[in-house]
Structures are given as C-alpha cells and as structure tokens.
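Trainee: Could we go through this chain together, step by step, with the coordinates open beside us?

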Amino acid sequence: MTVTTTEVTEFLHATFGDVDAEKYTLCLFTLPGRPSVRINPLTLAGAQEFTDRWSGENIYVEVGFGRVGGRRKTQYIDGLVGRWADIDVAGDAHNDKKTYAPSIDEAVAMLDALPLTPTIIIHSGHGVQAWWLFNEPWEFESNADRDDALDLSTRWVDTLRTTAHARGWTLDSVHDLARLMRVPGTRNLKSPEQP
C-alpha cells in the first residue's frame, strides 16, 4: 500500500499546524519494533519519510506536543491541540469480552448526538477516532496547567464513557495526555486478516 500523502499531511496540518515549530515537536510512532521520530509540525517532511519507511502501517501520533523527543510520558507533554475519543467497533480485531459499538455508523451517530460536534472523525480500521480541536494550541505554562489538562481530559472521557454506557457499549479510558492516535491515510494491521 502506498501511504496517502495528502491525507497524512492534511491531517497533521489541520491538527498541529498552529503549534510553534521553533519550540515543540510531534512524535510519530509505529509497531512492531516501536520506533519513533520527532517531526517539526510545520514542515512535516519527517512524517512522510517515516510513514514511507514503515509502509504506512500502524502509524500513530501523540495527542500532545513537547520539547523532549521520542515517545513521551505525560510529564513531558507541553501542550495539546484539542480533545479526542476512540470508539472501538465490535469485530474480529477485538476478541475480549467488552461490548463495543455495533457498527461504524452507530459510533458516528453517538458522536453526532453529543453537544459538541467533532472537528475531525477518522475511520481507524476497527472503529472511529474523533478530535475536537481548540481554536489554538494550549501551551502549558506550568505543571498546574498539565494537571488541569489531565483533569479536563479525564472528565471528558468519563462523559463519553457515560454516553456510550447508556447505549450499552464499553469505551476504553483514553484520557492520558501521551495517548497515541492513528494517522489517517495509513493502514491499521491490528487484525492482519482484515487490514
């Protein structure tokens, strides 16, 4: 598969294009082997080189940006561009006992029913991921800002999980500030039989 350059760059520009590239980088990440690369959010040349090198398979981006390279832990996330959600859909890729959304359409319908409309909805291969982008990146000025961001993220995900629970579904808790999300235009090989 050839990575869809347009989708990769359009997504990264839409989400991280306003991040100060003089101060911060993004981290792209892949499996297997877990290599990562820091990229400048404005040039994005590194993103394309990275996705090409790994055939566009299982490529993720962190939800936060920061000054420290490599796969970051929460304490090294220096800002966010928005909120996110990850809704898994029932199927062979999820063999545990959880009750997932029955279809992509029903997962999207849940997102559409929320009071805040997602900025971006991504078909992640075996579910949907959504982003609610801020008007501008939130740069943390202190550890207290990071703590506030984590608290907001936790409450946001709890709201989403309550909404899903009312429909009889389970959502994973994806509130951490170092969360990885799929990059559109790349390939999900979580279930190799159903890429």
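Mentor: Before we begin, a convention for what follows: axes are lines fitted to C-alpha atoms, for helices over the stretch in contact, and angles run from 0 to 180 degrees between N-to-C directions. With that convention, helix H4 (residues 143-166) lies across S5 and S7 and runs at about 25° to S5. Please keep in mind that this is a predicted model.

Trainee: In what order do the four strands of the open sheet come?

Mentor: The edges are a good place to start, since a strand at an edge pairs on one side only, and here these are strand S4 (64-65) and strand S6 (120-123). Inside the sheet, strand S5 (residues 79-88) and strand S7 (residues 127-139) run antiparallel and are joined by nine bridges, with glycine 79 standing opposite glutamate 139. The pairing in this open sheet is antiparallel, and the order is S4-S5-S7-S6.

Trainee: At about what angle to S7 does helix H3 run?

Mentor: Helix H3 covers residues 104-113 and lies across S5, S6 and S7. Taking the fitted axes in their N-to-C directions, the angle of helix H3 to S7 is about 30°.

Trainee: Is serine 153 buried or exposed?

Mentor: Serine 153 is found in helix H4, and once its neighbours within four places in sequence are left aside, the residues in contact with it are Arg83, Trp84, His175 and Leu177. The cut-off for a buried residue is under 20% relative accessible area. Because the relative accessible area of serine 153 is 1%, this residue is buried.

Trainee: Which residue is the bridge partner of valine 61 in S8?

Mentor: Strand S3 (residues 59-62) has Ile59 and Val61 pointing one way and Tyr60 and Glu62 the other way, and all of them are buried. Strand S1 (residues 26-30) runs antiparallel to S3 and is joined to it by three bridges, with leucine 28 having valine 61 as its bridge partner. S3 also pairs with strand S8 (residues 180-182) in the antiparallel sense, over three bridges, and there the bridge partner of valine 61 is methionine 181.

Trainee: How many residues apart are glutamate 139 and lysine 23?

Mentor: The side chains of these two residues meet in a salt bridge, at 2.8 Å from N to O. The pair links distant parts of the chain, with glutamate 139 in strand S7 and lysine 23 in the loop between helix H1 (5-16) and S1, and the separation is 116 residues. As for accessibility, glutamate 139 is partly exposed because its relative accessible area is 29%, and lysine 23 is partly exposed too, because its value is 38%. The answer to your question is therefore 116 residues.

Trainee: Which residues are linked with Asp78 in a network of salt bridges?

Mentor: Aspartate 78 and arginine 146 meet through their side chains in a salt bridge, at 3.3 Å from N to O. This pair also links distant parts of the chain, with aspartate 78 in the loop between S4 and S5 and arginine 146 in helix H4, 68 residues apart. Both aspartate 78 and arginine 146 are buried. The residues that share the network with Asp78 are Arg67 and Arg146.

Trainee: And how many salt bridges does the count come to?

Mentor: One of them joins the side chains of aspartate 176 and arginine 179, at 2.8 Å from N to O. Aspartate 176 counts as partly exposed because its relative accessibility is 22%. For the chain, the count comes to five.

Key: Residues numbered from 1 in each chain as written. Predicted model: local features only at pLDDT ≥ 70, side-chain atom pairs only at ≥ 80, totals over all residues. Heavy atoms only, no water. Pairing = 2+ DSSP bridges. Helix = DSSP H or I, 4+ residues; strand = E, 2+ residues; numbered from the N terminus. Contact = heavy atoms within 4.5 Å. Buried < 20%, exposed > 50% of the residue type's maximum accessible area, 1.4 Å probe, protein only. Salt bridge = Lys/Arg side-chain N within 4 Å of Asp/Glu carboxyl O.
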